Amino acid sequence: MFPNSLAWFKVPPNPRKAARWERYIFADKDAPGLSHYLGFGDVNGDGRPDLASAAKIPEGGNWFAWWEAPANPKQTGWKKHAIAENQDGATNIQMADVNKDGRTDFIATRGHGKGVVWYEAPHWTPHEINSSLTGPHSLAIGDIDRDGDIDIATVAKDDFVAAWFENDGKGNFKTHVIYNDQAAYDVRLADMDGDGDPDLLVAGQESKNVVWYENRVK
């Protein structure tokens, strides 16, 4: 019905009893290539939430892009902006101020290819975080070491490596392996044990497990 398109759904007053949620198409036939995941945040500083996505296959895909929200987000006409093209297996993308300069950057993974990367605002300058991990389909961002900046976690589904990437506050990252022999299509950062730091929650498809890894970073 809506090929190569992306949508958002408005939460109704009573979501448990609502027969349906209102659907609004924001990427109208301009998201080809088997688009994956959505990032959410104010990219251009106008106070409105913008959206980002990625597409994984060569035919029409292998890109990261964001859509600029209009004054009325229910309307079509969201403007698409390219972040990067020729990104083999582009999969996951999130928004955050990586280098603490007050601007929104993009953090992304090539989950059907190789590598974790961030794109620096305002010109989306690419910075490779780790270019060797194969299949980092998952992506979670948060202050893992509680030092006031944004860190990153992923699981490389093809390399069977769970890892997090320590940010020095300027957008330079150090790779730390959490566990080997772990695959995942998706992960979350959540404080599982109530001790105030984010742990890593993993749904492992090829490793056939659902686990969480306790944060012991000091």
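What follows is a chat between a trainee and a mentor about a predicted model.

Trainee: Let's start with Thr 91. Why is Thr 91 called buried?

Mentor: Buried means under 20% relative accessible area. Thr 91 comes out at 0%, so it counts as buried. You'll find Thr 91 in the loop between β6 and β7 (92–96).

Trainee: What makes the reach from the Thr 91 side chain to Gly 89 a polar contact?

Mentor: The cut-off is a pair of N or O atoms within 3.5 Å, where one can donate a hydrogen and the other can accept it. The side chain of Thr 91 reaches the backbone oxygen of Gly 89 at 2.7 Å. The Thr 91 side chain also reaches the backbone nitrogen of Gly 111, at 2.9 Å. Both distances fall within 3.5 Å, so both pass on distance.

Trainee: Now Val 117. How do you know whether Val 117 is buried or exposed?

Mentor: Same routine: under 20% is buried. Val 117 has a relative accessible area of 0%, so the word is buried. Val 117 lies in strand β9. Its C-alpha is separated by 22 Å from that of Ala 203, 86 residues along the chain.

Trainee: And Phe 40, why is Phe 40 called exposed?

Mentor: Exposed needs over 50%. Phe 40 has 59%, so it clears that bar. Phe 40 is found in strand β3. As for Asn 72, it is 32 residues from Phe 40 in sequence and 16 Å away in space, C-alpha to C-alpha.

Trainee: What makes Phe 9 partly exposed?

Mentor: Partly exposed is what sits between the 20% and 50% limits. Phe 9 has a relative accessible area of 45%, so it lands there. Phe 9 has its place in strand β1 (residues 6–10).

Trainee: Which residues form the nonpolar patch with Phe 9?

Mentor: Val 11 and Trp 21. Together the three have about 300 Å² of accessible area on the surface. A patch takes residues with over 30% relative accessible area, and Phe 9, at 45%, meets that part of the rule.

Trainee: On to the sheets. What makes β3 and β6 edge strands?

Mentor: The open sheet has 4 strands in the order β3-β4-β5-β6, with antiparallel pairing. β3 (35–41) and β6 (79–84) each pair on one side only, and that is what earns them the edge label. The twist averages 25° from one strand to the next.

Trainee: How do you know that β5 and β6 are paired?

Mentor: Pairing asks for at least two bridges. Strand β5 (residues 63–68) is joined to β6 by 5 bridges, running antiparallel. One of the things to look up on screen is Trp 66, whose bridge partner in β6 is His 81.

Trainee: Which strands are at the edges of the sheet β7-β8-β9-β10?

Mentor: That one is an open sheet too, with 4 strands and antiparallel pairing. Its edge strands are β7 and β10, each pairing on one side only. Neighbouring strands there are turned by 15° against each other on average, direction ignored.

Trainee: What makes β8 and β9 a pair?

Mentor: The rule wants at least two bridges, and strand β8 (residues 105–109) shares 4 with β9 in the antiparallel sense. Phe 106 stands opposite Tyr 119 in β9.

Trainee: Where does Val 202 stand in β16?

Mentor: Opposite Val 187. Strand β15 (residues 186–190) and strand β16 (residues 199–204) are joined by 5 bridges, antiparallel. Another 5 bridges join β16 to strand β17 (residues 209–213), again antiparallel. In β17, Val 202 has Val 211 as its bridge partner.

Trainee: Why flag the phi of Lys 208?

Mentor: Most residues other than glycine have a negative phi. Lys 208 is not a glycine, yet its phi is a positive value near 55°. It lies in the hairpin of β16 and β17, which has 4 residues between the strands. At 69%, Lys 208 is over 50%, so it is exposed.

Trainee: What makes Arg 146 stand out?

Mentor: Arg 146 has a positive phi of about 55° although it isn't a glycine. Its place is the loop between β11 (140–142) and β12 (151–156). Its 48% falls short of "over 50%", so the label is partly exposed.

Trainee: And which peptide bond is cis?

Mentor: The one from Ala 121 to Pro 122, with omega near 10°. Most peptide bonds are trans. Pro 122 lies in the loop between β9 (114–120) and β10 (125–134).

Notes:
Residues numbered from 1 in each chain as written. Predicted model: local features only at pLDDT ≥ 70, side-chain atom pairs only at ≥ 80, totals over all residues. Heavy atoms only, no water. Helix = DSSP H or I, 4+ residues; strand = E, 2+ residues; numbered from the N terminus. Axes fitted to C-alpha atoms, helices over the stretch in contact; angles between N-to-C directions. Patch = residues over 30% accessible without salt bridge, like charges linked within 9 Å, V, L, I, M, F, W, Y side chains within 5 Å. Areas by Shrake-Rupley, 256 points an atom, 1.4 Å probe, with all protein chains shown as cover. Salt bridge = Lys/Arg side-chain N within 4 Å of Asp/Glu carboxyl O. Buried < 20%, exposed > 50% of the residue type's maximum accessible area, 1.4 Å probe, protein only.
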